[in-house]
Amino acid sequence: MKLKVVYRKVSDYIRYDLKEIVLPSSLPDPPHVVKRRRLTWHERFLVLKEASRLYAASWVRDIGPELRPNDYKKQGDAEPKKKPQETENEPSVLEDLAVAARGGMETLRPALHRLYMTRASSYKDALSSFIKGYHEGLQQVMQNKEESKDPADQADNSKKTT
C-alpha cells in the first residue's frame with residue numbers, strides 16, 4: 001500500500017513539478033496587453049526591405065540624399081542642394097583615431113587619452129548640471145511644503161494663545 005502511494009507521489013512530481021522546474025512556463029500576458037496580428041509575407045518582406053535599407057545607410061560615412069532614411073527626393077528637386085563647406089575642417093574623432101592607429105601605439109595612446117578625457121569632462125559636466133537641477137527642484141518642493149504648512153501652523157498657534 002505504501003509503495004503505491006510513494007509511486008504516485010514520485011510520478012506526480014516528475015509529471016508536474018519537475019517539468020515546471022526544468023522548463024518553466026511563462027506567465028500569461030496582463031489583461032491590458034493587446035496582441036498584435038501576425039504580419040503577412042508581403043508585410044514581412046517590406047519590413048525586411050526597409051530595415052536592410054536603413055542598415056546599409058548606417059554604414060555609409062557620408063550619407064547621400066539617395067540613401068538618407070525618410071528624406072526622399074521631392075518631385076521638383078532633381079539636384080540636391082549642397083552646402084558650402086569650410087576650407088578648414090577639424091577632423092572628427094573617428095578620423096583622428098584612424099590616423100593615430102596608423103602611426104602605431106605611440107600616436108594612438110595620446111589620441112585615446114584625449115578621447116577619454118573629453119568624454120570624462122562631458123560626463124562630469126552633465127552630472128554636475130543634473131545635481132544642480134536636482135537641488136533646485138528639491139528646494140522648490142521644500143518651499144512649497146513650507147508654504148502649505150505655514151497657514152495651518154499659524155491657525156494652530158492662534159488657537160493655543162487664546
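Visitor: What separates D12 and R15 in helix α1?

Guide: In this predicted model, D12 and R15 are three residues apart in helix α1, and so about one helical turn lies between them.

Visitor: What makes the pair D12 and R15 a salt bridge?

Guide: The closest N and O atoms of D12 and R15 are 3.8 Å apart. The criterion asks for a side-chain nitrogen of Lys or Arg within 4 Å of a carboxyl oxygen of Asp or Glu, so the pair qualifies.

Visitor: Why is D12 called partly exposed?

Guide: The relative accessibility of D12 is 29%. Buried means under 20% and exposed over 50%, so D12 falls in between. R15, at 47%, is also partly exposed.

Visitor: Which other salt bridges does the structure hold, and how many are found in the whole search?

Guide: The search finds three. Besides D12 with R15, R37 meets E43 at 2.7 Å, N to O, and E50 pairs with R53 at 2.8 Å. E50 and R53 both belong to helix α2 (residues 41-59), where three residues, about one turn, set them apart.

Visitor: Why is R37 called exposed, while E43 is called partly exposed?

Guide: R37 has a relative accessible area of 56%, which is over 50%, and therefore counts as exposed. E43 stands at 24%, between the limits of 20% and 50%, and therefore counts as partly exposed.

Visitor: How do you know that E50 and R53 are not buried?

Guide: Buried requires a value under 20%. E50 is at 28% and R53 at 21%, so both count as partly exposed.

Visitor: What makes V6 eligible for a surface patch?

Guide: Patch residues need over 30% relative accessible area, and V6, a valine in helix α1 (residues 2-22), has 48%, so V6 passes that cut-off. V6 joins V10, Y13, I14, L18, I21, V22 and L23 in a nonpolar patch with about 760 Å² of accessible area together.

Visitor: Which residues form the largest nonpolar core, and which elements supply them?

Guide: This core has five residues: L97, A100, L108, A111 and L115. Helices α3 (93-103) and α4 (105-161) each give two or more residues, and α4 gives the most, with three. Beyond its neighbours within four places in sequence, L115 is in contact with V93 and L97.

Visitor: What share of the protein is buried, and how many helices and strands are there?

Guide: Buried residues are 5% of the 162. The protein has four helices and zero strands.

Key
Residues numbered from 1 in each chain as written. Predicted model: local features only at pLDDT ≥ 70, side-chain atom pairs only at ≥ 80, totals over all residues. Heavy atoms only, no water. Patch = residues over 30% accessible without salt bridge, like charges linked within 9 Å, V, L, I, M, F, W, Y side chains within 5 Å. Areas by Shrake-Rupley, 256 points an atom, 1.4 Å probe, with all protein chains shown as cover. Buried < 20%, exposed > 50% of the residue type's maximum accessible area, 1.4 Å probe, protein only. Core = buried A, V, L, I, M, F, W, Y, C linked by side-chain atoms within 4.5 Å. Contact = heavy atoms within 4.5 Å.
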